[in-house]
Amino acid sequence: MKHKSIILGTGPAGLTAAVYLARANMEPLVIEGPEPGGQLTLTTEVENFPGFPDGIMGPELMDNMKKQAERFGATFKRGWVTDVEVESRPFKLQVDGLGELETETLIISTGASAKLLGIPGEKENMGKGVSTCATCDGFFFRGKKVVIIGGGDSAMEEATFLTKFANEVQVIHRRDELRASKIMQERAKGNDKVTWALNKTPVEMVSDGMKITGVKVKDNESGEEELIETDGIFVAIGHNPNTEFLKGKLDMDDKGYILVDPGTTNTNIPGVFACGDVQDQKYRQAITAAGTGCMAAMDSERFLEGEATVDWSQNLS
Ligand code: NAP
């Protein structure tokens, strides 16, 4: 069965594209991956999505977007895309659980996932004191000490945020100098609850078998190791775009973010569009993702309009 449009991913970008394409009678098929709703389902309250003066819970916002897309005729299916063929149209997708799918246009909105350090004790203590989401888990550390690993804007933002709950938030960074913008650094530095452990590389996360008790770090100058005691560890060292399955198929930057023509969602393959965090490492907001999702829907609709000779009624069953 051939589709007019398939959307990969169900974060704000993919769901907004689905609303727009469904309203344009493009009958989009949306493939939901292992984390339906994307990163917003890992957060609690979203206070900066316009239209919700009292805030809205992340999962509820995503659920609402999905219902809105379904109301106009978008179809959702669970599946894991293992391969795409974009050399010629229709594009072919191999999807675990769904088999081979064909589509005339493809919207990629597979988002990004938090990077991990890859040190002992990290994965096994995820959810037991190790977290990649301060917004989701900060609440559990009321009155405690936490550390945050990273020196970028995310680490600064999360350090400041965590002081709402924790008594002390120690930033551990592998260099003397922070990567974060001046304003974010100053905000964190101006907060009495934030302390600093610079030029230290985390080597192991330590637990008592039930919960995290500390993180072992190596001083990059002296080479000495020390244990920093803590109740929680937040890892904020950036994100990886979810583009593994597209390697060699589309133009990407050296970090794997899909390249689009500025001001559009066009990739280097005509008919393939990218929106949301998978093509944006700068803004990474729900509202910017939603905005680019709208752009991708309009770009793909206009792409097909330019090929008005295609008789869709014969291909859809
Ligand atoms: P980032 O800018 O890439 O910073 C990642 C930080 O983690 C860096 O300090 C890096 O150290 C450190 N790091 C990376 N891998 C590491 C490892 N294996 N071990 C130890 N440390 C490691 O990522 P980000 O902070 O998530 O920001 C991403 C983008 O979003 C940026 O463009 C940022 O400006 C933007 N952002 C903006 C805001 C805002 O304006 N409100 C908030 C959050 C994010 P090095 O410095 O040594 O490389």
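# Notebook: loops, two helices and the ligand shell

**Entry 1, Asn-199 and Asp-219.** I began with Asn-199, which lies in the loop between strand 13 (194-197) and strand 14 (200-207). I keep in mind throughout that this is a predicted model. The phi of Asn-199 is near 60°, a positive value in a residue other than glycine. Is Asn-199 buried or exposed? At 15% relative accessibility I enter Asn-199 as buried, because the limit for that word is under 20%.

From Asn-199 I moved to Asp-219, since Asp-219 touches Asn-199, Lys-200 and Glu-224 when residues up to four places away in sequence are not counted. Asp-219 has its place in strand 15 (residues 212-219), and with a relative accessible area of 18% it is buried. I then looked up the side chains, and found that those of Asp-219 and Lys-200 are joined by a polar contact of 2.8 Å.

**Entry 2, Asn-25.** I looked up Asn-25, which has a positive phi of about 60° although it is not a glycine. Asn-25 lies in the loop between helix 1 and strand 2 (29-32), and its relative accessibility of 59% makes it count as exposed.

**Entry 3, the Arg-89 to Pro-90 bond.** I checked the peptide bond that joins Arg-89 and Pro-90 and noted that it is cis, with omega about 0°. Pro-90 is found in the loop between strand 6 (80-85) and strand 7 (91-96).

**Entry 4, helix 2.** I wanted to know how the end-to-end distance of helix 2 (residues 58-71) compares with the expected span. At 1.5 Å a residue its 14 residues should span 20 Å, and the end C-alpha atoms are 20 Å apart, so the two agree.

Which residues of helix 2 are buried? I listed Gly-58, Leu-61, Met-62, Met-65 and Ala-69 as buried. Looking down the axis of helix 2, I saw that its buried residues fall within an arc of 95°, and they therefore line one face of the helix. On the other side of helix 2, Lys-67 and Arg-71 are exposed.

I next asked what covers the buried residues of helix 2. The cover includes helix 1 (12-23), strand 3 (45-46), strand 4 (56-57) and strand 5 (75-78). Helix 2 is followed by Gly-73, and I recorded a positive phi for this glycine, near 110°.

**Entry 5, helix 5.** I turned to helix 5 (residues 182-189), whose buried residues are Met-184, Gln-185 and Ala-188. These residues cover an arc of only 100° around the axis, which puts them on the same side of helix 5. Lys-182 and Ile-183, on the other side of helix 5, are exposed. As for what covers the buried residues of helix 5, I noted that the cover includes helix 4 and strand 13.

**Entry 6, the ligand.** How many residues surround the ligand? I entered 17 residues, of which the closest are Asp-153, Ser-154, Arg-174, Arg-175 and Arg-179. The largest share of the shell around the ligand, 3 residues, comes from helix 4 (residues 153-162).

I then looked up individual atom pairs between the protein and oxygen atoms of the ligand. For Arg-175, a polar side-chain atom lies 2.7 Å from an oxygen atom of the ligand. For Arg-174, the distance from a polar side-chain atom to an oxygen atom of the ligand is 2.9 Å. Gly-151 takes part through its backbone, with an N or O atom 3.0 Å from an oxygen atom of the ligand. The ligand on its own has 920 Å² of accessible area, and the protein covers 74% of it.

**Entry 7, Asp-251.** My last residue was Asp-251, whose place is in the loop between strand 18 (239-241) and strand 19 (272-274). At 41% relative accessibility I count Asp-251 as partly exposed, because that class lies between the limits of 20% and 50%.

What is Asp-251 in contact with, leaving aside its neighbours within four places in sequence? I noted Tyr-257, Ile-258, Leu-259 and Asn-268 as its contacts on that basis. I also looked up the C-alpha atoms of Asp-251 and Thr-267, which are separated by 7.2 Å, while the two residues are 16 residues apart along the chain.

Technical notes
Residues are numbered from 1 along each chain as its sequence is written. This is a predicted model: local features need pLDDT of at least 70, side-chain atom pairs count only at pLDDT 80 or more; totals for chains, interfaces and linings use all residues. Side-chain values use heavy atoms; hydrogens and water are left out. The expected span of a helix is 1.5 Å times one less than its number of residues. Buried means under 20% relative accessible area, exposed over 50%, partly exposed in between (1.4 Å probe, protein chains only). The arc is that of the directions from the helix axis to the C-beta atoms. Contact means heavy atoms within 4.5 Å. A residue is near a molecule or strand if one of its heavy atoms lies within 4 Å of it. A polar contact is a pair of N or O atoms within 3.5 Å; within protein, one must be able to donate a hydrogen and the other to accept it, and residues adjacent in sequence count only if both atoms are side-chain atoms. Accessible areas come from the Shrake-Rupley method with a 1.4 Å probe; for residues, only the protein chains shown count as cover.
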